[in-house]
Amino acid sequence: MSEVKSEKENVMRLLLSGQLENIELGLTLADSLQVDITEFKNDIEFLHEWSSDISLKSKDLSFQEKAVEIYSKDLVYLPHKNLTTIPSQIQYFKNVTKFDLSNNNLTRLSFEITMLAKLEIISLGNNQLELFPVEITKLSNLQLLVLTRNKIKSLPFEITNLEKLESLVLINNPISDSEMEKIKSWLPNCEIKF
C-alpha cells in the first residue's frame with residue numbers, strides 16, 4: 001500500500017514539475033508504475049473548480065497548468081461554501097500560507113490539513129466545531145488561529161505544540177472562566193481573545 005502511495009506522489013511531483021509534458025505521457029509512466037493517473041486528473045479538476053474564487057481562471061488551461069496553479073497557491077479563500085468537511089485533495093495545496101474556511105458548516109477537519117506545512121493563518125470562524133481540531137496542533141508554522149463562533153468548550157494540551165502561535169481568537173465559544181485561565185497559562189506568549 002505504501003509503495004503505491006509513494007508511486008502516486010512521484011507521479012504528482014513529476015506532473016507539477018513539468019517533467020511530464022502531457023497526460024498521455026503521464027498515462028504511459030503511470031502504467032509502468034501501476035498507478036492510475038486519472039485519479040490525479042480528477043483531483044486536479046475538482047480542486048481547480050472548488051477553488052474558483054481564489055484566482056483568475058481560464059477554462060482553457062491544460063491539466064498541467066491547473067496542477068501547477070493549485071500547487072503554487074499561497075491563499076485559499078473558501079468562506080460561505082456550505083462545506084461540512086474539507087476534501088482530502090487539499091493536500092495538493094503545498095504552498096498555502098493562509099486558509100480561510102470561515103462561515104461554513106464544518107464539524108471537523110480532515111487529517112490532510114496536517115500536510116499543509118507552510119500554513120501560517122487559518123480562519124475557522126462561524127462553523128459548527130464542537131471539539132478543537134487536534135490536527136491543527138501539527139501545523140508548526142501557524143501564527144494566527146481564528147475559531148470565533150463555534151461550539152468549542154475546551155482546548156487540548158497539544159495546543160502548546162504551536163510554538164509560533166501569536167494570536168488565538170476564541171470569541172463566542174462556550175468556554176468557562178477556568179478553561180480560559182488554563183489556556184492562558186499554556187500559551188503565555190500568545191494574544192488570546194475570548
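This tour proceeds from the whole chain to its sheet, its core, two loop regions and the last helix.

**The whole chain**

The model on display is predicted. Begin with the entire chain in cartoon form, where 5 helices and 6 strands can be found. Read from the N terminus, the elements follow the order α-α-α-α-β-β-β-β-β-α-β. The chain has 194 residues, and buried residues make up 44% of them. If a surface is switched on, its accessible area comes to about 10,400 Å², with 49% of that belonging to carbon and sulfur atoms. Among contacts in the chain with a separation of 6 or more, 34% are between residues 24 or more positions apart.

**The sheet**

Select the strands next. The 6 strands form an open sheet, ordered β1-β2-β3-β4-β5-β6, and their pairing is parallel. Which strands stand at the edges? They are β1 (75-77) and β6; each has a single partner strand, so one side of each is left without a neighbour in the sheet. From one strand to the next, the twist averages 5 degrees. In general terms, strands of a sheet pair through backbone hydrogen bonds, in either a parallel or an antiparallel manner.

Now restrict the selection to β2 (98-100) and β3 (121-123). These two strands pair in the parallel sense over 3 bridges. Within this pair, Phe99 stands opposite Ile122 in β3.

**The nonpolar core**

Keep Phe99 selected and show the side chains around it. Phe99 is among the residues with the most contacts inside the largest nonpolar core, which has 36 residues. Leu124, Ile136, Leu142, Leu145, Leu147 and Leu168 are also listed among those with the most contacts there. With residues up to four places away in sequence left out, Phe99 touches Val76, Leu78, Ile90, Ile113, Leu116, Leu119, Ile121, Ile122 and Ser123.

**The loops after β2, β3 and β4**

Move to Asn103, in the loop between β2 and β3. Asn103 is not a glycine, yet its phi is positive, near 60 degrees. Asn103 counts as partly exposed because its relative accessibility is 27%.

Select Gly125 next, in the loop between β3 and β4. Is Gly125 buried or exposed? Its relative accessibility is 5%, so Gly125 counts as buried. Beyond residues up to four places away in sequence, Gly125 touches Ser102, Asn103, Val146, Leu147, Thr148 and Asn150.

From Gly125, proceed to Thr148, which is found in the loop between β4 and β5. Thr148 also counts as buried, at 14% relative accessibility. Apart from neighbours within four places in sequence, the contacts of Thr148 are Leu124, Gly125, Asn126, Val169, Ile171 and Asn173.

Arg149 also has its place in the loop between β4 (144-146) and β5 (167-169). Arg149 counts as partly exposed, with 47% relative accessibility. Although Arg149 is not a glycine, its phi is positive, at about 55 degrees. To relate this residue to an earlier stop, display the distance between the C-alpha atoms of Gly125 and Arg149: they are separated by 5.7 Å, while the two residues are 24 residues apart along the chain.

**Helix α5**

The last stop is helix α5, which covers residues 177-186. Which residues of α5 are buried? They are Glu179, Met180 and Ile183. Viewed down the axis of α5, these buried residues fall within an arc of 105 degrees, so they line one face of the helix. An α-helix has 3.6 residues a turn, so residues three or four places apart point the same way.

Show the strands again alongside the helix. The buried residues of α5 pack against β5 and β6 (191-193). Then rotate the view to the other side of α5, where Asp177, Ser178 and Ser185 are exposed.

Finish with Asp177 itself, in helix α5. Asp177 is exposed because its relative accessible area of 60% lies over the 50% cut-off. A final distance may be displayed from Asp177 to Phe194, a residue 17 residues apart from it along the chain; their C-alpha atoms are separated by 9.7 Å.

Key:
Residues numbered from 1 in each chain as written. Predicted model: local features only at pLDDT ≥ 70, side-chain atom pairs only at ≥ 80, totals over all residues. Heavy atoms only, no water. Core = buried A, V, L, I, M, F, W, Y, C linked by side-chain atoms within 4.5 Å. Buried < 20%, exposed > 50% of the residue type's maximum accessible area, 1.4 Å probe, protein only. Contact = heavy atoms within 4.5 Å. Helix = DSSP H or I, 4+ residues; strand = E, 2+ residues; numbered from the N terminus. Areas by Shrake-Rupley, 256 points an atom, 1.4 Å probe, with all protein chains shown as cover. Arc of directions from axis to C-beta. Pairing = 2+ DSSP bridges. Axes fitted to C-alpha atoms, helices over the stretch in contact; angles between N-to-C directions.
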